[in-house]
Amino acid sequence: MNVWDVLGIEPTEDDSVISSAYAKKLTLEHPENDPQWKEMLHEAYEVALKLARKRSAATEASNMRLNDHGERLEDPFVHKTIAREEVAVSTAYPYAANPIQVFLARVSELYSNFANRIQPSSWKALFQENAEWDIKNPQLRDEMVMFLEEKHYFPIAVWIVLEDTFRFHEHEEELRERHAGEFIDYIFEQVNGTMELTYDCFIDADIDFDIDRYLYLREMAQYMLMQGELEEVGAYLSEAHEWFQDDTDLELMRGKYFEAIGEMEQALDCFNQVIAMKPDEFEGRWHRAQHLYKVEQYEAALADCNRLLEIEENQQDALLLSIHCYTQLGQMKEARMKLQQSNDIDNVHDILRYVHGIKFFNKYRYAQEVEEKGQRQARKQISSFLLYFYLRLTWLYILVYVGLQLFISVPIAVTVLWLAVMVWSGWKTFKTYRMMTT
């Protein structure tokens with residue numbers, strides 16, 4: 001390792017480049033924790049300045065020496081002398097590089113190999129190799145977060161390995177003190193899988209494009225789609241799709257985007273493509289079912305719902321959408337059977353299920369005659385839902401009022417106010433009921 005290696009730059013004649021590299025190393029390397037490293041860094045800085053001046057003088061002398069044709073003549077002796085000096089000073093720096101920087105270099109090397117980058121086993125092996133010098137060092141954790149701010153495109157399985165190793169959640173408070181809160185939020189979203197995008201489509205793919213640029217476009221499209229920024233979404237999706245067409249996540253986003261801008265046929269093409277790639281996975285078929293329902297193709301939407309229910313018998317979303325489809329097709333018996341199946345699932349707080357019960361009871365919307373058993377069941381559902389909704393609005397007021405009554409004599413004005421709140425909550429409950437049944 002020579003002086004240029006220590007400073008992390010190529011040999012140069014420019015003093016400002018050397019000074020900038022030295023200042024950067026002082027900031028990033030945390031030399032106060034290692035006096036020997038600080039001393040070596042300063043000495044390398046001084047020697048590099050001397051070598052730079054000699055290089056500059058040699059270049060200037062060469063520029064002044066011309067042959068008979070006016071061409072500049074090199075002085076090989078001078079340059080050989082400088083080269084020998086650089087070799088000589090390299091022996092003065094046998095000191096091993098900062099172990100944190102060595103580790104980060106290994107991390108960067110692994111990250112640059114995309115096929116290995118997306119394999120959790122690669123990261124586990126790297127972290128186990130470096131466990132002997134305390135991989136949970138706070139300084140290393142900070143350096144790793146700074147690395148991730150620039151290079152952070154991993155599948156969730158790798159994010160979990162990173163979390164298990166560096167314990168980001170445990171050290172959230174101190175990380176937020178030293179790093180941007182938005183990026184710490186991003187780390188947690190990736191670890192928790194709340195913004196997960198899959199990587200399995202790349203495993204056997206021929207990656208002959210800038211994969212990090214593609215992943216950036218895909219991630220930005222996801223974010224902008226959530227924000228409703230459709231113009232930006234379209235630009236990101238268009239560029240990404242030019243590079244790679246076998247990504248189900250990207251196709252799903254394209255389908256949602258085309259649906260949002262009213263391009264229904266293109267949206268359907270995207271959802272069809274997702275199903276073609278992954279016929280037995282939920283996302284593609286579910287989005288296509290919803291899309292078909294929106295464009296009033298109820299039988300096709302019902303076929304997708306039934307396929308989803310074959311894969312998972314009690315899938316509530318598919319059950320509820322199938323109820324809508326049967327209702328629109330006028331097949332009330334089948335709709336009631338699906339509603340009963342939904343009711344039998346232990347999910348007492350599913351308000352959508354109660355809404356369906358209310359709709360069935362609404363004689364103005366559904367003129368079909370309902371048997372007495374169905375009417376009783378619908379009334380029960382309505383009563384349960386309205387009671388649940390009313391108590392959600394009033395439980396705190398009831399608790400406070402009863403508590404006051406137990407310990408003090410409540411003034412009449414307080415009682416009147418309490419009654420007014422209770423009546424108002426009842427009115428809101430009634431309005432909610434009317435809204436759902438019309």
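**Salt bridges, helix packing and surface of an all-helical chain**

Arg117 is buried, with a relative accessible area of 3%. The model described here is a predicted one. Arg117 belongs to helix H6, which spans residues 114–117. A salt bridge joins Arg117 to Asp212, and the closest N and O atoms of the two are 2.9 Å apart. Because Asp212 lies in helix H12 while Arg117 lies in H6, the pair ties together parts that are 95 residues apart in sequence.

The protein chain has 438 residues, of which 40% count as buried. Its secondary structure consists of 22 helices and zero strands. When contacts between residues at least 6 apart in sequence are considered, 61% of them join residues at least 24 apart. The accessible surface of the chain is about 25100 Å², and carbon and sulfur atoms account for 53% of this area.

Helix H12, the helix that holds Asp212, runs over residues 211–227 and also contains Gln222. Gln222 has a relative accessible area of 13% and is therefore buried, the limit for this class being under 20%. With neighbours within four places in sequence left aside, the contacts of Gln222 are Met195, Glu196, Leu197 and Met253.

Side chains of opposite charge can pair when their charged atoms come close. In the whole structure, 17 salt bridges are found. One of them is formed by the side chains of Asp142 and Arg178, with an N to O distance of 2.7 Å. Asp142 is in helix H8 (residues 138–150) and Arg178 is in helix H10 (residues 172–178), so this pair ties together parts that are 36 residues apart in sequence. The two partners differ in exposure: Asp142 is buried at 14% relative accessibility, whereas Arg178 is partly exposed at 43%. Both residues also belong to a network of salt bridges that links Arg141, Asp142, Glu174 and Arg178.

A further salt bridge joins the side chains of Lys278 and Glu281, with 4.0 Å from N to O. Here Lys278 is the buried partner, with a relative accessible area of 18%, and Glu281 is partly exposed, with 44%.

Helix H9 (residues 156–166) packs against helix H11 (residues 181–192), their axes coming within 8 Å and crossing at roughly 115°. The crossing of these two helices is left-handed. On the side of H9 the contact involves Ile156, Trp159, Ile160 and Glu163, and on the side of H11 it involves Tyr186, Ile187, Gln190, Val191 and Asn192. Trp159 and Glu163 are also among the buried residues of H9. The other buried residues of this helix are Val158, Val161, Leu162, Thr165 and Phe166. The cover over the buried residues of H9 includes H11 together with helix H5 (99–112), H6, helix H7 (120–129) and H8. H6 and H8 are the helices that hold Arg117 and Asp142, respectively.

H9 is followed by Arg167, which is placed in the loop between H9 and H10. Most residues other than glycine have a negative phi. The phi of Arg167, in contrast, is positive, near 55°. With a relative accessible area of 32%, Arg167 is partly exposed. Glu296, likewise a residue other than glycine, has a positive phi near 65°. Its place is in the loop between helix H16 (282–294) and helix H17 (298–311). Glu296 has a relative accessible area of 57% and is therefore exposed, since this class begins over 50%.

The surface of the chain carries a nonpolar patch of about 1000 Å². The patch is made by Trp395, Leu396, Leu399, Val400, Val402, Leu404, Leu406, Phe407, Ile408 and Val414. Helix H21 (residues 372–407) is the element that gives the most to the patch, contributing eight residues. Leu399 is found in H21, and with a relative accessible area of 54% this leucine is exposed.

Terms used. Residues are numbered from 1 along each chain as its sequence is written. This is a predicted model: local features need pLDDT of at least 70, side-chain atom pairs count only at pLDDT 80 or more; totals for chains, interfaces and linings use all residues. Side-chain values use heavy atoms; hydrogens and water are left out. Patches are made of residues with over 30% relative accessible area and no salt bridge: like charges are joined within 9 Å, nonpolar side chains (Val, Leu, Ile, Met, Phe, Trp, Tyr) within 5 Å. Accessible areas come from the Shrake-Rupley method with a 1.4 Å probe; for residues, only the protein chains shown count as cover. Helices (H or I, at least four residues) and strands (E, at least two) are DSSP runs, numbered from the N terminus. Buried means under 20% relative accessible area, exposed over 50%, partly exposed in between (1.4 Å probe, protein chains only). Axes are lines fitted to C-alpha atoms, for helices over the stretch in contact, and angles run from 0 to 180 degrees between N-to-C directions. A crossing is left-handed if the near helix is turned anticlockwise from the far one by less than a right angle, and right-handed if clockwise. Contact means heavy atoms within 4.5 Å.
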